[in-house]
Amino acid sequence: MDSIGIPEFYAGRDIFITGGTGFMGKILIEKLLRSCPDLNNIYILIRSRKGKTAEERWNELTDLPVFDVLKAERPDALRTQVKVLEGDVREEMLGLNAEHYKLLEDNVSVIFHAAATVRFNEPFSEAVQMNTYGTTQIVNLALNMKQLKVLVHVSTAYSNCQISEIEEKIYPPIADWKEVLKITEKVDPQALTILTDKYLNGLPNTYVFSKSLAEAIVWEVRDKIPLVIFRPTIVIASWKEPVPGWMDNVNGPVGMMIGSGKGIIRTVPCNEEAMADFTLVDCAIKAMIICAWKRATFPISDDENIIYNCATTYKNITNGEIHKMGLEIIERNPLEQILWYPQMKLHKNLTLFRLEAVYKHFLPALIIDAILKILGKKTLVLKINTKIHVALLALSYFLLGSWKFHNKNFMSLLDDIPNKDKEAFDFNFLNIEPLDYFENCANKGGRKYLLKEGNLDKDKAKRNFLILKYLHYTMLTAFRITLIWAAYKIYCSYTSDI
C-alpha cells in the first residue's frame, strides 16, 4: 500500500472537523498540522459560549500546552491553516450561514465528525439533539459535497454495550432514529426525562443510546458516502504525542488515581476481575488519520471493513490490577494537599458501595465541612463528594460490566502504514508496559496538566503522606481494639447474667 503516502494524501486538501475543542479534537488538529503540513485548511465548527465568540474560544485553546510542540516547529500553522466557523451541530445546517455552508460543500474532501456530548446523565432530548440530530446534519452536508473523499464518524465502542462481545460490524439499532427525532421534537423535554428509561430500552444512559442511533444514520448512507465508523473505548492520556501524558479531563483510570491519591475517592463500584479497555489518545488519533487515508485511497472489499473498534483488550489487564498499580504509584509519589491516606475499596455490589460511601465519603465530608465552617472558611467537601458520588453511579454500569472488543480491522491499520510514514504514524502499543505508561505518562501528566503540580515539594509531600498513613493506621487500630473491647464487655455482661 505504498502508492500514495499519508501526508501526500492530505496535501492541498480542506478538512472539516466537528468537536475540535474536545479532548480528541485538539489532538487531531495538532497532529494533522504537524505531520501533514501541506494540507490546505482545517475548518473547525465551534459555537459561541458564555459570552465568548467561537474565535475567542479557539484563541484561548491555542494557548494550551498541547500545541507547544506544533508552535515551536511551525509557528504560523494555527493562524494560517485553521479557520473557525461559528455554528452548532444541534441546529439545522449546523448553524452555519449560507456562505460558510457553501464553502464546505465546494471545498472540503475529508470530514472528521467528533462532536458529541459525552455526559452519561445528559437529559434525553439534549443527548439526542447533539449526538443524533447533529449526525443527520453532518450527513446532509456530506451528501452535497463536491470533493468528498471520506467521512470519519467517531462513535464509541460502547454504542452496542447491551452485547458483551462486540465485533467490528453494525448491529440492529435499538430504536428507529427517525421516530426518536420526531418524539424529541414534539414531546416536552420534562416529559421525556420521566419517560427516558422506557425509550432507552435497556441501554444504560442517553449517551450510548444517542450514539447507537447515530451509527444507524451514517450506515444508511454507506452506498452514497465514502464512510468510516471509528469506535474508541475510554480515551485516556497521550503516550508520546504531542507530549507524554497530555490530558484535559479526569475520565478513566487517571481520574480514579487522582481522586484516590487525594484521599477523596475511597470506595468505587467496580468489577475488579473484568478486563480494562482504554485507548491512548495519540494512538487513537493516528489510527483515525490512517483509516481516513485508507478509505479514500483504496477500494473496500466488504462494508464491514470500514468499521474499526479502537480497543486494547489484548493487554489482559484487569480493573483490579490497575487499581493496585495506581495505589503503588501514589505510595511512591504522593500528591500534595491530600485529604487522607489513599485507600480505595472496589465493590461488585452496588448496594454495598452505597452503604460504604456513607461512612467513607459523606460522613468525613460532613465532619470536615463542619470544621471549615467553625474556622470561618468556605465549605466544599460535601459538595465535591456529592458530585463524585453521582459520577460514580453514572459510571457504575461500565465499571461493573465486562466486554470483549474484536479489533482485527483496527490492528490491521498498522500493516497498512507506508514504510516512509511509519515514524510519524505508527501507533503500535503492543509493547507498552502498563506500569510504565501509568507511572511515567498518566500519573505525571495528571499532576502536570490537571493538578498543576509543577513546583511540588516532593519531600514535604512524602512527609505529609507518612503522617496521614501513620494516623490512619493508628485510628484504624484504635477502632478495632474498641470494637473488640466492646464485644468482650458485652460477652462478660451476658455470661454474668446466666
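**Exercise 1. Determine how many bridges join strand β7 to β11, and place this pair in its sheet.**

Solution. Strand β7 (residues 227-232) and β11 run parallel and are joined by 4 bridges, where strands are DSSP runs of E with at least two residues, and helices runs of H or I with at least four, numbered from the N terminus. One of the partnerships links Ile229 with Ile307 of β11. This is a predicted model, in which local features need pLDDT of at least 70 and side-chain atom pairs count only at pLDDT 80 or more, while totals for chains, interfaces and linings use all residues. Residues are numbered from 1 along each chain as its sequence is written, and side-chain values use heavy atoms, leaving out hydrogens and water.

Next, the open sheet has 7 strands in the order β3-β2-β1-β4-β5-β7-β11, with parallel pairing; two strands pair if DSSP finds at least two bridges between them. Its edge strands, β3 (82-86) and β11 (307-310), each pair on one side only.

**Exercise 2. Work out at what angle helices α13 and α18 pack, and which residues make the contact.**

Solution. Helix α13 (residues 319-332) packs against helix α18 (residues 434-450) at about 60°, their axes being 11 Å apart; axes are lines fitted to C-alpha atoms, for helices over the stretch in contact, and angles run from 0 to 180 degrees between N-to-C directions. The angle therefore makes α13 oblique to α18, since under 35 degrees counts as roughly parallel, over 145 as roughly antiparallel, 65 to 115 as roughly perpendicular and the rest as oblique.

Finally, the contact (heavy atoms within 4.5 Å) involves Ile322, Met325, Ile329, Ile330 and Arg332 of α13, together with Pro434, Leu435, Phe438, Glu439, Asn443 and Arg447 of α18.
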